[in-house]
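Visitor: I am new to this structure and would be grateful for a close look at a single part of it. Please take one helix and explain how it is placed.

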Amino acid sequence: MSIQPFSILLIFLAILGDLAIGSAERLSGLYVDNGFDQTVVHRVVSQREKREVEHEILNLLGLPDRPRSAIGRPPQVKRSAPKFLLDIYKNALGEDEEEKPVARSHKAGEFDLSGQDLKAIDQSDVIMTFAAQHRHAGVRHERGKRLWFDVSEVPPEEYMIGAELRLYHSAHTRSQRRHGSHTITVYRVLNAGNGTQELQYIDAVNVTDRKEGWLTLNISEALNHWVNNPNGNEGLYLSVHPTDRLAHEVRPEDVGIVVFRGDPDKQPFITGYFKSSGVRESKVRKKRDAKRKKKSETNSWDYQRTNPYTDPGAQYSRTCKIQTLYVSFRDLQWQDWIIAPDGYDAYYCSGECNFPLNAHMNATNHAIVQTLVHLVSPGKVPKPCCAPTKLSAISVLYFLDESNVILKKYKNMVVKSCGCH
């Protein structure tokens, strides 16, 4: 059976587990199913090959390198931004279309996702969060709070579905008991020149003294402007007034708004929802193909030697069907920047497409005709190949750097069914 390089890549990734060699040296091995429901070592993988596999899979994820700021340190998943995306990952994502109705009906989690949130999640290919950073410079003499966010990692070619600022409000502060409710207003800070700054209204929300939980404000216009005009990112200004006394500004902390001195899991953050244009993936793919072509003559991988499915001695004459294949991110030691999952069931297709092609082999009409022609002229026309007939996506949650976290959907990553093509 013909195996494509991408299939071999998945096979390698799935089996880069550590083997204890003696007491000091640890090598990686290539594991395969021996056909008798047993996993056995096919051969030991060199460190050079392992690095090449890591580089290839990072390209697949759209990353030039693994995030350096996170290397050697466990992910800080207790902070508000990664907790929010982890809440989405656990409670609002399904692997495929059949699972979505169940996933969308489940609204568990402390962030209490709204119907509008779930719609944006469903439409998004990439969800990014940006932690608030403190800018000491105030705006004129107001008592509000300046928030700044590093959004430089957002590709300008991506289509933005929407963006939200999330603030945590703690109930029962003294000031709140006096006034009953407050209006939280967010402005975009503009550089008016000559060292002066102006405020542009973005959104507002009212909160009562008994409200405990997250507040959401729509800042789509601001984030879109910053992505397309990076030099114009002066951040946001947060203003708080008693609802019945709009001229009287109070400090956000005095009314229970958590800003910078609160718990890490209650810090302000921005969530951006994006629909992939495919431009970035296309650039990564072209770059990867060019490098692969350049290395083709000196490539250290011998696919005939590496791939157990082209080994004449392998016991793989079974009928075409889906086989077990687990891809482990943890075995690549990426747990310091990938939050979830530890790995996933990728599966693969293997087996023969021999005459007659039975119904359970999901053969196409073309495969049936090709099989008949192969019987007549086996030397000129090959048998059909066993290949996926249905694929589904996975979602990967990871740190891009210390402040920004990404939840990205990757299409066609899991084999759902196989057939003869």
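**A close look at helix 10**

Guide: The length of helix 10 is a suitable point of departure. Helix 10 comprises the twelve residues 365-376, which at 1.5 Å a residue should span 16 Å; the C-alpha atoms at its ends lie 17 Å apart, in agreement with that expectation. Please bear in mind that this is a predicted model.

The next matter is which residues of the helix are covered. Ala-367, Gln-370, Thr-371 and His-374 are the buried residues of helix 10. Because these buried residues fall within an arc of 105 degrees when seen down the axis, they line one face of helix 10. That arrangement leaves a further question: what do the buried residues of helix 10 pack against? Their partner is strand 19, residues 404-420. On the other side of helix 10, Asn-365 and Val-376 are exposed.

Helix 7 may be set beside this example. In helix 7, which runs over residues 220-228, the buried residues are Ser-220, Ala-222, Leu-223, Trp-226 and Val-227. They lie on the same side of helix 7, because the arc they cover around the axis is only 165 degrees.

A buried residue may also belong to a strand. His-241 is part of strand 11, residues 236-242. Its relative accessibility is 13%, and His-241 therefore counts as buried, the cut-off being under 20%. The side chain of His-241 also makes a polar contact, at 3.5 Å, with the side chain of Ser-239.

Key: Residues numbered from 1 in each chain as written. Predicted model: local features only at pLDDT ≥ 70, side-chain atom pairs only at ≥ 80, totals over all residues. Heavy atoms only, no water. Helix = DSSP H or I, 4+ residues; strand = E, 2+ residues; numbered from the N terminus. Buried < 20%, exposed > 50% of the residue type's maximum accessible area, 1.4 Å probe, protein only. Polar contact = N/O pair within 3.5 Å; in protein donor to acceptor, adjacent residues only side chain to side chain. Arc of directions from axis to C-beta. Expected span 1.5 Å × (residues − 1). Contact = heavy atoms within 4.5 Å.
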